[in-house]
Amino acid sequence: MELDERAEEVLETLWIRTQEETAEAIPVEELEPGQRDAIDKLLDAGYVAVSDGRARLAGSGLALAQDVIRRHRLAERLLLDVLSTADTLLDDMACKFEHVLDRGIAESICSLLGHPKVCPHGRPIPPGDCCREDRRSQKRVVSPLAQMSTGEKGKIAYVHAPQATKLQKLMSMGVLPGAPVSLIQRFPSFVFQIRQEQFAVDKEIADSIYVRLVEAEAPGQDQQVEREQRTPIWGRFRPRRGKRGRAQR
């Protein structure tokens, strides 16, 4: 059954509220008017259930909602990491982009981006088949440091470090978005270089550093890198409420 944008928005809202937050079900009246109109279609398909005026995901609706969330958050990563879209435009553009991504394209984008674990706002990206099979694209744009080849170079795209101590350690190394990085060694530890400094880390930390793979940098590019470092990416993005009170995805 093909769902329209309103129906997919309902599935997203229900997923966030019931799977990532604390609600078991949400009042239908809290949905936007257009979303409330889509409830009937989802009810008929068996994707949601409504009891005492409260809606929850049901049947295959859970898997469908997870897929919509995955497409939205992958769209955000693509818009930011590859297309350098301004963070103020991410949510609205991703909302439009997610609806044109089918499963095959989403898997290709995920592989292209190195199977990212979180969206730019720090929320988890549900894994797909490509993540579980750990396929590695030959045309990667963003890759975890641990999956880079010796001698491969790039720039720090973002860091997935939920623990504050790990984040502080990486920041002290100069692991900041835009910093040039190259992998020197993979075994027995991962050794990478940022400008003139070299650091050795274990696989867990190497997995948390995502690198935008680039060719040799042109002269004078370090000045642009310095400007990019002044605003760390993890400080710019925080979960927020979308337009008309919609939960940030």
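1. Starting point: burial and C110. A residue is called buried when its relative accessible area is under 20%. By that cut-off C110, at 0% relative accessibility, counts as buried. C119 is buried too, with a relative accessible area of 2%. Keep in mind throughout that this is a predicted model.

2. Cysteines. How many disulfides does a search of the whole structure find? The search finds zero. C110 is in no disulfide, and the nearest cysteine sulfur belongs to C131, 3.5 Å away. The cut-off for a disulfide is a pair of cysteine sulfur atoms within 2.5 Å. For reference, a disulfide is a covalent bond between the sulfur atoms of two cysteines.

3. Helix α2. This helix spans residues 33-45. Which of its residues are buried? They are Q35, A38, I39 and L42. The cover over these buried residues includes α1 (5-20), β2 (48-51) and β3 (54-57). G46 follows α2 and has a positive phi, near 80°.

4. Packing of α1 on α2. Two packed helices are described by the angle between their axes and the distance between the axes. Here α1 and α2 pack at an angle of about 90°, and their axes are 8 Å apart. The pair is therefore roughly perpendicular. On the α1 side, the contact uses R6, A7, E9, V10, L11 and T13. On the α2 side, it uses G34, Q35, A38, I39 and L42. By type, the residues of this contact divide into six nonpolar, three polar and two charged. Q35, A38, I39 and L42 thus appear twice in this note: as buried residues of α2 and as residues that meet α1.

5. The three-stranded sheet. In what order do the strands of the open sheet stand? The order is β1-β3-β2, and the pairing is antiparallel. β1 (26-27) and β2 are at the edges, each with a single partner strand, so one side of each has no neighbour in the sheet. In general, strands of a sheet pair through backbone hydrogen bonds, either parallel or antiparallel.

6. Bridges to β3. β2 and β3 run antiparallel and are joined by four bridges. Within β3, A49 has R56 opposite, and S51 has R54 as its bridge partner. On the other side of the pairing, two bridges join β1 to β3, again antiparallel. P27 has R54 as its bridge partner in β3. R54 is therefore named as partner of both P27 and S51.

7. Faces of β3 and the helix across the sheet. Which residues of β3 lie on the covered face, and which on the uncovered one? A55 and L57 make up the covered face, R54 and R56 the uncovered one. α1 lies across β1, β2 and β3 and runs at about 90° to β3. α1 also packs with α2, again at about 90°.

8. The β2-β3 turn. β2 and β3 form a hairpin with two residues between them. D52 sits in the turn and has a positive phi of about 55°.

9. The β7-β8 hairpin. Strand β7 covers residues 190-194 and strand β8 residues 197-201. Five bridges join them, and they run antiparallel. F192 stands opposite F199 in β8. This hairpin has two residues between its strands, and R195 takes a positive phi near 55°.

Notes: Residues are numbered from 1 along each chain as its sequence is written. This is a predicted model: local features need pLDDT of at least 70, side-chain atom pairs count only at pLDDT 80 or more; totals for chains, interfaces and linings use all residues. Side-chain values use heavy atoms; hydrogens and water are left out. Buried means under 20% relative accessible area, exposed over 50%, partly exposed in between (1.4 Å probe, protein chains only). Contact means heavy atoms within 4.5 Å. Axes are lines fitted to C-alpha atoms, for helices over the stretch in contact, and angles run from 0 to 180 degrees between N-to-C directions. Angles under 35 degrees count as roughly parallel, over 145 as roughly antiparallel, 65 to 115 as roughly perpendicular and the rest as oblique. Ala, Val, Leu, Ile, Met, Phe, Trp, Tyr, Cys and Pro count as nonpolar, Asp, Glu, Lys and Arg as charged, and the others, Gly among them, as polar. Two strands pair if DSSP finds at least two bridges between them.
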